[in-house]
Amino acid sequence: MEAHVGDRIVVRSTHQGEPDRVGEVIECAEPGGGPPYRVRWEPDGHTALFFPAGTASVVRAESAHG
């Protein structure tokens, strides 16, 4: 997975009825966009170090605004 500051991380729920988790990448550990990422999660704005796995995907910043 590759993500950069401003991209959004979407973690699809694996349980029926649970919402997807969505957050914005605010810091990348690797210059090339490799994990882990510091993510600001919606809706409460808490930040956490995130290691992507499973159902996580990236929405590029330019796609999110276009």
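How many bridges join S2 to S3, and in which sense do the two strands run? There are 5 bridges between S2 and S3, and the strands run antiparallel. That pairing sits inside a predicted model of a chain with 1 helix and 5 strands. Reading from the N terminus, the elements go β-β-β-β-β-α, so to speak strands up front and the helix at the end. Here's the quick tour.

**Overall build**
- For a chain of 66 residues, a compact globule would be expected to have a radius of gyration near 11 Å, and this chain agrees because its own value is 11 Å.
- Along the principal axes, the C-alpha atoms take up a box of roughly 35 × 25 × 20 Å.
- The accessible surface totals about 4300 Å², and carbon and sulfur atoms hold 50% of that.
- Buried residues make up 24% of the 66 in the chain.
- If you look at contacts with a separation of 6 or more, 41% of them link residues 24 or more positions apart.

**The annotated span**
- The unreviewed UniProt entry lists "domain: DUF1918" for residues 1–58.
- That span is 41% strand and 0% helix, and the C-alpha atoms at its two ends lie 8 Å apart.

**The sheet**
- The 5 strands make an open sheet with antiparallel pairing, and the order across it is S4-S3-S2-S1-S5.
- Strand S4 (47–50) and strand S5 (56–59) are the edge strands, each pairing on one side only.
- Ignoring direction, neighbouring strands in this sheet are turned against each other by 35 degrees on average.

**S1 and S2, with the loop between them**
- Strand S1 (residues 8–11) and strand S2 (residues 21–28) run antiparallel, joined by 4 bridges.
- Val11 has Arg21 of S2 standing opposite.
- Glu18 is found in the loop that links S1 and S2.
- Is Glu18 buried or partly exposed? Glu18 counts as partly exposed, because its relative accessibility is 47%, which falls between the 20% limit for buried and the 50% limit for exposed.
- Glu18 and Pro35 are 17 residues apart along the chain, and 25 Å separates their C-alpha atoms.

**S3 and its two neighbours**
- On the S2 side, Cys28 has Tyr37 in S3 as its bridge partner.
- On the S4 side, strand S3 (residues 37–41) pairs with S4 over 4 bridges, again in the antiparallel sense.
- Tyr37 turns up here too, with Phe50 in S4 as its bridge partner, so Tyr37 is a handy residue to click on if you want to follow the pairing from Cys28 across to Phe50.
- S3 and S4 form a hairpin with 5 residues between them.
- Which residue in that turn has a positive phi? Gly45 does, with a phi of about 80 degrees.
- The faces of S3 split by cover: Tyr37, Val39 and Trp41 are on the covered face, while Arg38 and Arg40 are on the uncovered one.

Note on methods. Residues are numbered from 1 along each chain as its sequence is written. This is a predicted model: local features need pLDDT of at least 70, side-chain atom pairs count only at pLDDT 80 or more; totals for chains, interfaces and linings use all residues. Side-chain values use heavy atoms; hydrogens and water are left out. UniProt positions are given in the numbering used here, feature names are shortened, and annotations may be inferred rather than shown by experiment. Two strands pair if DSSP finds at least two bridges between them. Axes are lines fitted to C-alpha atoms, for helices over the stretch in contact, and angles run from 0 to 180 degrees between N-to-C directions. The radius of gyration is taken over C-alpha atoms; the globule rule is 2.2 Å times the number of residues to the power 0.38. Buried means under 20% relative accessible area, exposed over 50%, partly exposed in between (1.4 Å probe, protein chains only). Contact means heavy atoms within 4.5 Å. Accessible areas come from the Shrake-Rupley method with a 1.4 Å probe; for residues, only the protein chains shown count as cover.
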